[in-house]
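I opened this structure to make a few notes on it. The entries follow in the order in which I looked things up.

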Amino acid sequence: MPDINGFDLRNLPADFYANPFPYYAALQAQSALKRMPDGSILLTRYRDVEFVYKNPKIFSSDKKREFGEKFGLTPLFAHHTTSLVFNDPPLHTRIRRLINGALTPRAVAQIQPHLENWVDRLLDAMAVKKSADLIEDFAAAIPVEVVGNLLGVPRHERAPLRDWSLAILGALEPRLTPDAARRGNDAVREFEAYLEGLIDQRCAQSGQSDLISLLLHGEYAGQRLSGAELVHNCIFLLNAGHETTTNLIGNGLVALVEHPAQRERLIAEPDLIKSAIEEFLRFESPNQLGNRITAVPVELGGVALPAGTQITVCIGAANRDSEQFLEPDTLDVGRSPNRHLAFASGIHQCAGMGVARLEAEIAIDRFLRRFPSYSLAAAPTRGGRARFRGFLRVPCRL
Ligand code: HEM
């Protein structure tokens, strides 16, 4: 077991990024709560993480105080404090209802034929090359197409989206470097300017059914989104669906290389694809950390916490908790039950999980059918982030 006495999310040991799971197991075994040097609390046990997600009146998502200290009055502050994920009701409810209306199961099912086509085109292009980078050539090219289509971003304007998204979400890492802050702020500015132009075009066109138009014209309780709410929540939607889904597909394909018996099983029984995706979400959760702040005093794990306590919930650890999952460190593509928390739970549970699941199912299923004996051509390069777990590069022989 690694030494976790001085464990600090803002100053993580170098080997944590490659394999955080021994740290999580040690933290879980030691106590329900781990106090960080900055006074915040880290939770790693499944039941506590679930309790936090299910009780939004006790554990607030409002980040104005935390981000005020972290970002100052910058574009990053304006962006992150206006997106629904970092707000409580009633602002959260207003935006969430509009987004839910646009991401119904029916709307998600409609993207399937184009998505299958797109994945096949990527596979064709890789087949010609014989070798490929699983992230650049495949995993990252899928969400940008899907979310770009959902919001109606013209294909030739999508090139900067991924870098903007990486820079804006990268600024949420527990430790913010000056360089990450600069890149994040630049990205928000450029993204805002781009979206304002796109929204102006949508204002001039009627009868469009993309997500931007639905948010632009939609009303909840007689209210429309303000200009800033619209821009920042469109940025959030474009970001939320990018890195996370790229990581799900990349993590899943690498996990199958590292667990050849599971790969053989999935190839022999392709109907397991749905449960396999749930298992990748559990085993290598793309989003490992979440944050809340206590709105009222609360007792957790026998410790009294005053209002205003910053909480980090560790999804990645909860999803490997042996109190909840049998043999949690074993990858089992047929695992059932599998009540993982990769999409969180409660009122903020991922609004795009239907889209993410469909993307991953189609991508991994079709990839395995086309390249059943793929292998790694070199060691994959990790993203080097604690919050978002994935790879930057995965050189692969097809
Ligand atoms: C594998 C892919 C994905 C993962 C692991 C993931 C994970 C999550 C998690 C953990 C949250 C809750 C955050 C919190 O409350 O602290 C969340 C929220 C959200 N996600 Fe996802 N997400 C994924 C893909 C997507 C996609 C594709 C979209 C959009 C098309 C999306 C849209 C959203 C939105 C709008 C929220 C905010 C919900 C709210 O605050 O009510 N996500 N996601």
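Entry 1, contacts of the ligand. Which atom of the ligand does a polar side-chain atom of H92 lie 2.6 Å from? I looked it up in the model, which is a predicted one. The partner of H92 is an oxygen atom of the ligand. I then checked two arginines. R96 has a polar side-chain atom 2.7 Å from an oxygen atom of the ligand. For R292 I noted a polar side-chain atom 2.9 Å from an oxygen atom of the ligand.

Entry 2, the iron. I asked which protein residue gives a donor to the iron atom of the ligand. I found a single donor from the protein, the SG atom of C350, at 2.3 Å. I traced C350 to the loop between helix 17 (315-318) and helix 18 (353-370).

Entry 3, the shell. I recorded 24 residues surrounding the ligand. The closest are H92, R96, R292, H348 and C350. Sorted by class, the shell has 15 nonpolar, seven polar and two charged residues. I also looked up which helices supply at least two residues each to the shell, and noted helix 5 (91-102), helix 13 (227-240) and helix 14 (243-258).

Entry 4, the five-stranded sheet. I wrote down the strand order as 1-2-8-5-3; the sheet is open and its pairing is mixed. Strand 1 (33-35) and strand 3 (59-60) are at the edges, and each has a single partner strand, so one side of each has no neighbour in the sheet. As a reminder to myself, strands of a sheet pair through backbone hydrogen bonds, either parallel or antiparallel. I checked strand 2 (residues 41-43) against strand 8 (residues 310-314): they run parallel and are joined by three bridges. In this pair I41 stands opposite I311 of strand 8.

Entry 5, a helix on that sheet. I asked which strands helix 2 (residues 46-54) lies across. They are strand 2, strand 3, strand 5 (289-294) and strand 8. I noted an angle of about 125° between helix 2 and strand 8.

Entry 6, the three-stranded sheet. This open sheet has the order 4-12-9, and I noted its pairing as antiparallel. Strand 4 (131-133) and strand 9 (375-376) stand at its edges with a single partner strand each, so one side of each is left without a neighbour in the sheet. I counted two bridges between strand 9 and strand 12 (residues 395-397), which pair in the antiparallel sense. Here L376 stands opposite C396 in strand 12.

How values were computed: Residues numbered from 1 in each chain as written. Predicted model: local features only at pLDDT ≥ 70, side-chain atom pairs only at ≥ 80, totals over all residues. Heavy atoms only, no water. Donors = N, O, S within 2.8 Å, 3.2 Å for Na, K, Ca; no water. Pairing = 2+ DSSP bridges. Contact = heavy atoms within 4.5 Å. Axes fitted to C-alpha atoms, helices over the stretch in contact; angles between N-to-C directions. Near = heavy atom within 4 Å. Polar contact = N/O pair within 3.5 Å; in protein donor to acceptor, adjacent residues only side chain to side chain. Nonpolar A, V, L, I, M, F, W, Y, C, P; charged D, E, K, R; others polar.
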